[in-house]
Amino acid sequence: MADPTHAEFDDLLREHRTFAPPPDFTARAVVRDDSIYAEAERDPDAFWARFAGELEWSRRWDTVLDWQPPHAKWFVGGKINASVNCLDRHARGPRRNKAALIWEGEPGDRRTLTYFDLFRQVSAFANVLKSLGVRKGDRVAIYLPLIPELAISMLACARIGAVHSVVFGGFSAESLRDRINDSKCKLLVTADGGFRRGQIVALKQVADEALADTPSIENVVVVQRGHAEMPVHIEEGRDHWYHRLMQDASYKCDPEPMDAEDMLYILYTSGTTGKPKGIVHTTGGYLVGTYATTKLVFDLHEEDVYWCTADIGWVTGHSYVVYGPLANGATVVMYEGAPDWPKKDRFWSIIETHGVTVFYTAPTAIRAFMRWGVEWTQKRDLSSLRLLGSVGEPINPEAWVWYYRFIGGERCPVVDTWWQTETGMIMITPLPGVTTLKPGSATRPFPGIAAEIRTERGDKVEVGGGLLALTRPWPSMLRGIYGDPERYVRQYWSKWGSGVYVTGDGAKRDEDGCFWLLGRVDDVINVAGHRIGTMEVESALVDHPGVAEAAVVGRSHEIKGQAIAAFVTVKEGTHATKDLADVLKEHVVKKIGAIARPDDILFTADLPKTRSGKIMRRLLRDIAEGKALGDTTTLADPAVVAKLKANYEEEYGG
């Protein structure tokens with residue numbers, strides 16, 4: 001991993017526009033002055049214990065942190081249940097009849113569940129899971145569209161101590177199969193289908209394909225999305241309709257007292273080796289981290305209507321659709337479909353209809369909104385909004401300013417947040433009542449978080465660019481990679497010593513101490529805020545019988561941030577045609593999912609390699625970005641890269 005120069009981001013540090021918090025916002029903000037940073041720095045353990053004390057524990061912890069680098073235990077000895085903190089403690093008090101989830105399906109169907117409703121539904125499904133033999137510690141796979149039953153399934157698992165593994169509903173049968181098998185899931189929750197841009201996504205059909213080779217699965221629960229046109233195969237004895245099971249289930253289910261370090265969930269994220277990593281999060285620390293960040297970063301008040309547009313199949317949905325907001329007793333909006341269906345004002349219509357006050361979305365979406373034009377935003381009343389957020393990838397300054405002006409009406413602070421699946425919670429972010437904002441900068445670490453910029457050697461960089469490192473443990477940190485403890489240490493903790501976490505992201509720090517995130521510096525491509533391993537895509541391409549070799553890189557994309565560009569060598573007797581390129585794109589979709597579909601496929605007789613046979617992906621990135629080629633002296637055949645560059649420019653316009 002080389003030091004990132006990121007010359008294309010040099011202009012970021014020349015961004016001098018600043019936006020102070022509006023005085024009326026600060027006057028009623030959860031955090032109104034920056035003394036909280038000094039408080040957290042003086043005694044980080046006491047700082048996190050303060051937030052832990054706002055949650056409900058069946059047994060209080062003995063020790064806040066046991067840190068044996070690189071292994072942490074938080075709130076040692078404490079007993080806690082995540083579903084109790086998200087539901088019971090609200091349902092038995094003044095929030096009993098407050099809306100917990102306001103759900104809107106893509107065709108326009110709507111449901112609102114109060115905290116009492118959600119508590120009853122979760123308790124009933126927890127009993128269903130127990131009736132199907134699921135016990136504490138068992139793994140449950142969840143493959144659902146963005147419907148209330150997804151949150152219900154997660155919280156039901158948490159209630160009885162089962163470990164949930166949510167698989168994004170856009171992933172392929174092979175991706176679902178591999179994740180089920182890696183964690184040996186006992187039960188799968190899926191649906192007959194879902195909706196996307198007016199089309200039916202037949203999830204049960206995809207699940208059936210995966211289930212052909214998942215020996216650990218004993219039962220499948222199928223949620224009926226409610227449409228007869230979705231053909232569903234039901235295997236007697238294995239498959240069960242959700243609604244039928246729920247008819248007879250009791251609404252009383254005592255929660256399992258979980259040790260703070262008991263596993264809450266596994267979530268798979270892309271890796272550089274091609275095999276997705278099962279990131280392990282535990283109960284106590286994760287809940288404290290997501291609770292605290294949701295409360296402070298989103299400045300949550302009792303009357304807020306909060307909408308994070310992320311799919312729950314990704315970590316943002318886990319932390320900031322389900323656990324963080326519900327632990328805070330918030331009203332959460334969920335929307336199943338696409339932002340541009342049936343019209344390009346769908347998001348703004350939802351904000352207007354439900355009076356959304358806090359809106360958290362991705363730069364990919366913001367760039368699409370910019371392209372569609374302000375006329376779509378001006379058709380709707382967005383005056384309910386008071387705070388905006390950005391997540392998933394770095395946001396360029398012009399997109400930030402557009403978001404601030406045309407969505408927030410120049411009155412809403414924008415919290416640009418940086419974090420990862422592995423961190424579990426937001427790590428670098430403004431606090432909207434106190435932080436002077438800079439377009440394109442995530443500003444400073446959340447109180448209690450210690451972040452640095454380092455060189456490849458590990459030297460600290462006060463001002464300038466390098467690699468982002470985290471130098472102190474935090475409550476919601478990953479506890480491991482499921483089934484692979486050596487990989488956990490090797491990947492995240494071995495570069496600069498066992499006490500320093502390697503993020504894999506490049507960043508810069510300016511004279512004011514503000515951080516500017518630059519994206520991945522390893523072989524992971526960030527497509528619309530979703531991490532895709534280059535090796536995963538290469539492996540999918542080479543799986544096709546006509547492909548001999550493939551190299552995949554990310555290139556800049558106006559909307560998605562990065563797009564996938566693939567350089568493919570075919571086997572003798574295979575003809576490199578446009579039709580084959582289309583076939584290969586669909587082959588990748590089948591192997592991984594639509595999110596990994598390459599934008600560009602260029603066929604080539606040779607790939608640029610060093611004399612030792614290593615593919616020079618740096619040069620392929622230069623070609624895909626249309627840049628001048630760097631040093632080619634180490635190549636076995638420098639003519640290969642020149643020819644590739646000419647061919648790529650001819651095919652894709654350079």
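Trainee: How many bridges join β5 to β18, and do they run parallel or antiparallel?
Mentor: Four bridges join them, and the two strands run parallel. Keep in mind that this is a predicted model. Within that pairing, W103 sits opposite M334 of β18.

Trainee: Okay, and which way does β5 pair with β6?
Mentor: Antiparallel this time, over five bridges. L101 has L113 in β6 as its bridge partner. The hairpin of β5 and β6 has five residues between the strands, and G108 there takes a positive phi near 110°.

Trainee: Why is β5 described as largely enclosed?
Mentor: Six of the six residues of β5 are buried, so the rest of the structure largely encloses the strand.

Trainee: What's the strand order in the whole sheet?
Mentor: The order is β6-β5-β18-β17-β19-β20-β21, an open sheet of seven strands with mixed pairing. The edge strands are β6 and β21, and each of them pairs on one side only. From one strand to the next, the twist averages 15°.

Trainee: Which helices pack on that sheet?
Mentor: One of them is α5, residues 115-131, which touches β5 and β6 and makes about 90° with the direction of β6. Helix α12, residues 346-354, also packs there, touching β5, β6, β17, β18 and β19. The direction of α12 makes about 150° with that of β18.

Trainee: Switching topic: which residues are buried in α3?
Mentor: P44, F47, W48, A49, F51 and A52 are buried in that helix.

Trainee: And what do those pack against?
Mentor: The buried residues of α3 pack against α2, β1, β2, β3 and α10.

Key
Residues numbered from 1 in each chain as written. Predicted model: local features only at pLDDT ≥ 70, side-chain atom pairs only at ≥ 80, totals over all residues. Heavy atoms only, no water. Pairing = 2+ DSSP bridges. Axes fitted to C-alpha atoms, helices over the stretch in contact; angles between N-to-C directions. Contact = heavy atoms within 4.5 Å. Buried < 20%, exposed > 50% of the residue type's maximum accessible area, 1.4 Å probe, protein only.
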